[in-house]
Amino acid sequence: MHEVDMTKCLLLSLQEWKLQHAPRVPVVEVVHLQVGDFTCVEPDALRFTYAAAVQTTWLAGSELRIERIPLQARCVVCQATYSPNPQQAYQSPCCNHPMEEILSGRELKIRSIDYGFPDAAHPAQSAPDGTASPSLRSSPRQQAEAIVPEPCPVA
């Protein structure tokens with residue numbers, strides 16, 4: 001089950017993100033993750049391992065929400081965009097050429113994090129570059145977007 005290794009990598013990435021806010025500790029409500037269908041990651045297993053791993057950590061009580069990204073490819077011969085499937089051996093349905101160019105479906109990244117600080121009076125939306133803009137929400141939560149972790153050394 002490589003979901004355990006994926007969870008370890010996810011937690012390492014979140015720990016690095018947390019350190020960017022030191023000395024304050026963000027209270028994470030939701031981690032939004034994008035998972036491509038061609039990554040061989042089972043979303044339910046990943047949610048389970050995440051929930052088990054965060055029980056006694058600073059992430060306790062947070063939720064992992066997974067957006068599945070479908071596998072899409074483009075045929076290098078006929079230029080058709082298609083949804084490859086194993087029943088067709090991932091070949092182009094137009095010309096039966098083997099899949100060579102994947103457009104989507106291999107993603108495995110943190111899309112955003114919904115979080116706040118216990119002492120936050122006025123929420124802001126934090127961009128990846130550290131700049132802040134007015135919040136899009138009325139609750140005392142913030143959202144960090146497009147966090148792309150470095151390759152994980154655990155796997």
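**A chat about strands, helices and a few unusual residues**

User: New to this one, so which strand does β3 pair with, and in what sense?
Analyst: In this predicted model, strand β3, which covers residues 72-74, pairs with β5 in the antiparallel sense, and the pairing runs over 3 bridges.

User: And what is the bridge partner of R74 in β5?
Analyst: The bridge partner of R74 is E101, which belongs to β5.

User: How many strands form the open sheet, and in what order?
Analyst: The open sheet is formed by 3 strands in the order β4-β3-β5, with antiparallel pairing. Because β4 (81-82) and β5 (101-104) stand at the edges and have a single partner strand each, one side of each is left without a neighbour in the sheet.

User: OK, helices now. At what angle do α1 and α2 pack?
Analyst: Helix α1 (residues 3-19) packs against helix α2 (residues 43-54) at an angle of about 55 degrees, and their axes are 9 Å apart. That angle makes α1 oblique to α2, and the crossing of these two helices is right-handed.

User: Which residues meet there?
Analyst: On the α1 side they are E3, V4, M6, T7, L10, L11 and L14, and on the α2 side they meet A45, L46, T49, Y50, A53 and V54. By kind, the residues of this contact divide into 10 nonpolar, 2 polar and 1 charged.

User: Switching again, how many aromatic pairs does a search of the whole structure find?
Analyst: The search finds 4 aromatic pairs. One of them is formed by W17 and W58, whose rings are stacked, with 6.5 Å from centre to centre and 25 degrees between the planes.

User: What does that pair tie together?
Analyst: W17 lies in helix α1, while W58 lies in the loop between α2 and β2 (63-69), so the pair ties together parts that are 41 residues apart in sequence.

User: What about the backbone, is the peptide bond from A22 to P23 cis or trans?
Analyst: The bond from A22 to P23 is cis, with omega near 10 degrees, and P23 itself is placed in the loop between α1 and β1 (27-36). As background, most peptide bonds are trans, and most residues other than glycine have a negative phi.

User: On phi, then, is the value for A89 positive or negative?
Analyst: A89 has a positive phi of about 55 degrees, although A89 is not a glycine, and this residue lies in the loop between β4 and β5.

User: And where is Y90, and what is its phi?
Analyst: Y90 is also placed in the loop between β4 and β5, and its phi is near 60 degrees, which is a positive value in a residue other than glycine.

Notes. Residues numbered from 1 in each chain as written. Predicted model: local features only at pLDDT ≥ 70, side-chain atom pairs only at ≥ 80, totals over all residues. Heavy atoms only, no water. Pairing = 2+ DSSP bridges. Helix = DSSP H or I, 4+ residues; strand = E, 2+ residues; numbered from the N terminus. Axes fitted to C-alpha atoms, helices over the stretch in contact; angles between N-to-C directions. Parallel < 35°, antiparallel > 145°, perpendicular 65-115°, else oblique. Left-handed = near helix turned anticlockwise from the far one by under 90°. Contact = heavy atoms within 4.5 Å. Nonpolar A, V, L, I, M, F, W, Y, C, P; charged D, E, K, R; others polar. Phe/Tyr/Trp six-rings, centres within 6.5 Å; stacked < 30°, edge-to-face > 60°.
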